[in-house]
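Thanks, everyone; I would like to take a few minutes to walk through the open and closed spaces in this protein and then turn to the ligand. Please have the structure up in front of you as I go.

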Amino acid sequence: MSEKSWTEIDRTIGRLFASDPAAAAALEASEAAGLPAIELAPGHAKFLMLLALIRDAKRILEIGTLGGYSTIWMARALPVDGRLISLEASEEHARVARGNIERAGLSKVAEVRVGKALDWLPRLAEEGAGPFDLVFIDADKENNPAYFDWALKLSRRGSAIVVDNVVRHGAQDTTTHSGNVRSFMELVAKDPRVSATVIQTVSIKGHDGFALAVVTGEE
Ligand SMILES: C[S@@+](CC[C@H](N)C(=O)[O-])C[C@H]1O[C@@H](n2cnc3c(N)ncnc32)[C@H](O)[C@@H]1O
């Protein structure tokens, strides 16, 4: 199947299954603000929402907010007393995301914290923000091993951890990320605290994949 065909099919999937007006408005506002278009494909963002629903998630942690597109989709799955914390290094991205979350009517359940995720994660542990039922890791790929470790510390048995871009920046990539991310896949595969797999994907974002790990033991 050609890239053109899967791109067309992915647009149809997005239109049929993942057309949320607030999420679409968030993308428009993010583009207008000059943010890079590196958010999830719509069908994949909807998948995260479904995962949160399957897990009956009350607490969600996201690492890498950008304009809040995936944040909005995941926050949609939360009950009124649920909570989503999203960590974002860029003040500008966080500013745009907060506006998008506000306009989506989700600012009571979703908040963006600005700063490097590795500075925030120990603080979240200190303040007892976890355990999180779903963790979505989608920031700087070099720190994925540390983010994964923190995700486990902040989770409990049954929590789901999703790590994006483990194919694009891994096996297929010839950049300096390559070695890091491939060894990250090996690290997840042999971690005794989780049962995990990697799903390859094709979408409007090209060929990629994400890791899904379910916590099987207590931290
Ligand atoms: C791929 S984008 C996130 C996309 C978003 N999850 C979505 O699908 O809508 C990655 C984001 O991670 C942020 N980021 C990069 N390094 C970071 C770090 N050390 N701590 C927190 N955020 C970081 C970037 O500024 C960028 O906004």
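Let me begin with the largest cavity, which has a volume of about 60 Å³, and I should say straight away that what we are looking at is a predicted model. Counting cavities of 30 Å³ or more, the total comes to one. Which residues line the largest cavity? The lining is made up of Leu 40, His 44, Phe 47, Leu 48, Phe 136, Val 162, Asp 164 and Phe 210, and when these are sorted by class they come out as six nonpolar, one polar and one charged. Helix H3, which covers residues 42–54, makes the biggest contribution to that lining, with three residues.

Let me move from the cavity to the largest pocket, which holds about 590 Å³ of space. It is lined by 35 residues, and those closest to its centre are Ile 38, Asp 138, Ala 139, Asp 140 and Lys 141. Several elements give two or more residues to this lining, namely H4, E2, helix H6 (117–126), helix H8 (167–171), strand E6 (194–203) and strand E7 (206–215), and of these it is E7 that gives the most, with three residues. By class, the lining of the largest pocket divides into 13 nonpolar, 12 polar and 10 charged residues.

Where, then, does the ligand sit? The ligand is found in the largest pocket, and the elements that supply two or more residues to the shell around it are helix H4, residues 69–75, and strand E2, residues 83–88. There are 21 residues around the ligand, of which Gly 64, Ser 70, Glu 88, His 93 and Asp 138 come nearest, and the shell as a whole is composed of 10 nonpolar, five polar and six charged residues.

For those of you who think in terms of individual contacts, there are three I would point to on the screen. The side chain of Glu 88 places an N or O atom 2.5 Å from an oxygen atom of the ligand. Asp 138, which is also among the residues closest to the centre of the largest pocket, has a polar side-chain atom 2.9 Å from a nitrogen atom of the ligand. An N or O atom in the side chain of Asp 140, in turn, lies 3.3 Å from a nitrogen atom of the ligand. As for how much of the ligand is covered, taken alone it exposes 610 Å², and the protein buries 89% of that.

Technical notes: Residues numbered from 1 in each chain as written. Predicted model: local features only at pLDDT ≥ 70, side-chain atom pairs only at ≥ 80, totals over all residues. Heavy atoms only, no water. Near = heavy atom within 4 Å. Polar contact = N/O pair within 3.5 Å; in protein donor to acceptor, adjacent residues only side chain to side chain. Areas by Shrake-Rupley, 256 points an atom, 1.4 Å probe, with all protein chains shown as cover. 1 Å grid on protein atoms, 1.4 Å probe; cavity = no way out; pocket = protein on both sides within 12 Å on 5 of 7 lines; lining within 4 Å. Sits in = over half its atoms within 2 Å of the grid points. Helix = DSSP H or I, 4+ residues; strand = E, 2+ residues; numbered from the N terminus. Nonpolar A, V, L, I, M, F, W, Y, C, P; charged D, E, K, R; others polar. Points joined across faces, edges and corners; volume = space filled by probe spheres on them.
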